Amino acid sequence: MTTKSRMTWKRIGALALSVTLAWGLGPVHTLPGANAASSPTCGSGDHGLTATLKKGSGVEDQRLQFTDIDFLNNTTGRAGGEGFLIGTSNSGCTWQSIYTGQWQFTQLDFPNNVNGFALAQVKDSPTTYLIRSTDGGAHWTRMDTKGIQFKRIDFLNKNEGFGYTYNGAYLTKDGGATWSSISTPANTRGAVFTTQKQGYAIVVAPGSGYRIMQTSNGGKNWTQSLKVASATWSGGDLYASGNQVWALLYGDAGMSQQSYSLYASGNEGKNWRQVFAQSTAGGGPAPGANSTGNGKGPADPGGHPGNMALIGNQTAYLSAGSPAAGKVGIGRSYDAGSTWKNIDLKDPGYSSRISFPSAKTGWLVVTSDNSPAIYETTDGGTTWKQKMLLPAVNE
């Protein structure tokens with residue numbers, strides 16, 4: 001869900017900070033705020049962190065569970081969970097504890113290595129808060145969003161960013177201190193902006209299906225970009241980077257199965273193609289599906305979509321997991337959706353999230369609690385190497 005401008009800022013920030021903060025005073029790089037733990041083998045097991053994370057997060061008698069992952073570049077990134085945040089500066093060879101406490105992270109967004117934002121909850125509360133860190137994630141401050149409940153954030157730098165709710169979009173220019181509403185069409189059920197002017201929205205048309213709308217003047221005017229017939233209209237998610245735009249449109253769900261379709265545009269919404277339409281027995285027909293559909297998504301059968309990662313104008317990845325099949329996987333395209341390939345991981349999880357800082361190097365975190373692990377790929381997802389594994393059961 002990264003935009004082209006966000007990726008540029010991340011690379012610049014990571015490079016500058018690697019110099020100014022004098023990482024790597026020894027053989028192992030250290031993230032700001034991180035507490036290093038010894039690990040006998042590069043990329044092995046839990047890196048000696050389980051006891052620290054359980055004690056600090058207050059879940060001594062429970063399982064540790066990952067929730068999201070965010071990488072600045074091919075070597076430096078963070079993974080968050082319920083009450084903890086860990087990080088690496090050497091491609092997962094070693095991991096360090098950065099934070100333990102009350103915050104249960106649902107999304108991480110670090111535009112550079114010092115300034116970070118996150119959506120998080122606290123135990124036994126459904127409320128999602130926007131929180132901010134100015135020391136690499138070691139300490140967090142809750143931001144007052146005046147009752148706005150964000151479901152996704154995307155910061156271009158430490159000051160400018162977008163926040164998305166179930167049915168709207170917002171812009172901040174002061175690091176999340178204040179937010180201004182961006183005008184979106186009636187019945188909006190998802191939005192994304194690549195700049196303050198260029199944006200897209202999913203609109204539901206009851207009795208008809210979905211519409212993808214777009215604006216080039218910051219929401220003042222919207223025009224229809226795509227029309228998709230659907231018997232159900234439960235919402236969707238949009239992702240955009242450079243010239244490419246991707247729309248996940250959801251049908252119904254049932255029997256641990258999710259029906260959904262994936263559409264892609266490689267020219268800012270001028271033309272669209274259906275990448276696949278995953279109809280299921282439990283969820284019924286996918287939006288826009290004909291009698292045969294157009295293939296299925298990753299982690300089939302019954303794969304549920306996770307998040308997307310876009311790089312430049314052509315490359316896109318989608319994470320997924322299947323509770324029915326007990327596996328996770330990804331789908332990918334190097335040509336803005338003209339071709340698509342699904343790849344399963346040999347992991348017994350059933351939900352996942354991804355972060356790809358470059359076209360071929362990326363990270364996947366298994367977010368189901370039966371097999372909490374982190375994997376790295378350097379060949380576009382064809383092969384994966386485990387870089388962190390937390391205990392799956394209480395030990």
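In this predicted model, strands β20 (residues 304-311) and β21 pair in the antiparallel sense, with 6 bridges between them. One place to look along this pairing is methionine 308, whose bridge partner in β21 is leucine 318. The hairpin formed by β20 and β21 has 3 residues between the strands, and in this hairpin glycine 312 takes a positive phi near 65°.

Strand β21 also has a partner in β22: the two run antiparallel and are joined by 7 bridges. Leucine 318 appears again here, standing opposite glycine 331 in β22. The hairpin of β21 and β22 has 4 residues between the strands, and glycine 326 takes a positive phi near 65° in it.

How covered is β21 itself? Strand β21 spans residues 315-322, and 8 of its 8 residues are buried. Following the side chains along the strand, Thr315, Tyr317, Ser319 and Gly321 point one way, while Ala316, Leu318, Ala320 and Ser322 point the other way; the residues of both sets are buried.

Stepping back to the whole protein, the secondary structure comes to 2 helices and 27 strands. Of the 395 residues, 59% count as buried. The protein exposes about 15,000 Å², and carbon and sulfur atoms supply 50% of that area. Among contacts between residues at least 6 apart in sequence, 46% join residues at least 24 apart.

Some links between separate parts of the chain come from charged side chains. Side chains of opposite charge can pair when their charged atoms come close. The structure holds 8 salt bridges. One of them joins aspartate 369 to arginine 63, with the closest N and O atoms 3.8 Å apart. Aspartate 369 sits in the loop between β25 (362-366) and β26 (373-377), and arginine 63 in the loop between α2 (50-57) and β2 (66-71), so this pair ties together parts that are 306 residues apart in sequence. Aspartate 369 counts as partly exposed at 25% relative accessibility, and arginine 63 is partly exposed with a relative accessible area of 37%.

A salt bridge is also found between aspartate 237 and lysine 151, where the closest N and O atoms are 3.3 Å apart. Because aspartate 237 belongs to strand β16 (residues 236-241) and lysine 151 to the loop between β7 (141-143) and β8 (152-155), the pair ties together parts that are 86 residues apart in sequence. Is each partner buried or partly exposed? Aspartate 237 counts as buried, at 15% relative accessibility, whereas lysine 151 counts as partly exposed, at 39%.

Strand β22, already met as a partner of β21, takes part in a salt bridge too: the side chains of lysine 327 and aspartate 344 meet at 2.8 Å, N to O. Lysine 327 is in strand β22 (residues 327-333) and aspartate 344 in strand β23 (residues 341-344), and the pair links distant parts of the chain, 17 residues apart. Aspartate 344 is partly exposed, with a relative accessible area of 39%.

Finally, there is a link of another kind. A disulfide is a covalent bond between the sulfur atoms of two cysteines. The whole structure contains 1 disulfide, which joins cysteine 42 to cysteine 93 with an S to S distance of 2.1 Å. Cysteine 42 lies in the loop between β1 (35-36) and α2, and cysteine 93 in the loop between β3 (77-88) and β4 (96-109), so the bond ties together parts that are 51 residues apart in sequence. At 49% relative accessibility, cysteine 42 is partly exposed.

Definitions and conventions:
Residues numbered from 1 in each chain as written. Predicted model: local features only at pLDDT ≥ 70, side-chain atom pairs only at ≥ 80, totals over all residues. Heavy atoms only, no water. Salt bridge = Lys/Arg side-chain N within 4 Å of Asp/Glu carboxyl O. Buried < 20%, exposed > 50% of the residue type's maximum accessible area, 1.4 Å probe, protein only. Disulfide = S-S within 2.5 Å. Contact = heavy atoms within 4.5 Å. Areas by Shrake-Rupley, 256 points an atom, 1.4 Å probe, with all protein chains shown as cover. Pairing = 2+ DSSP bridges.
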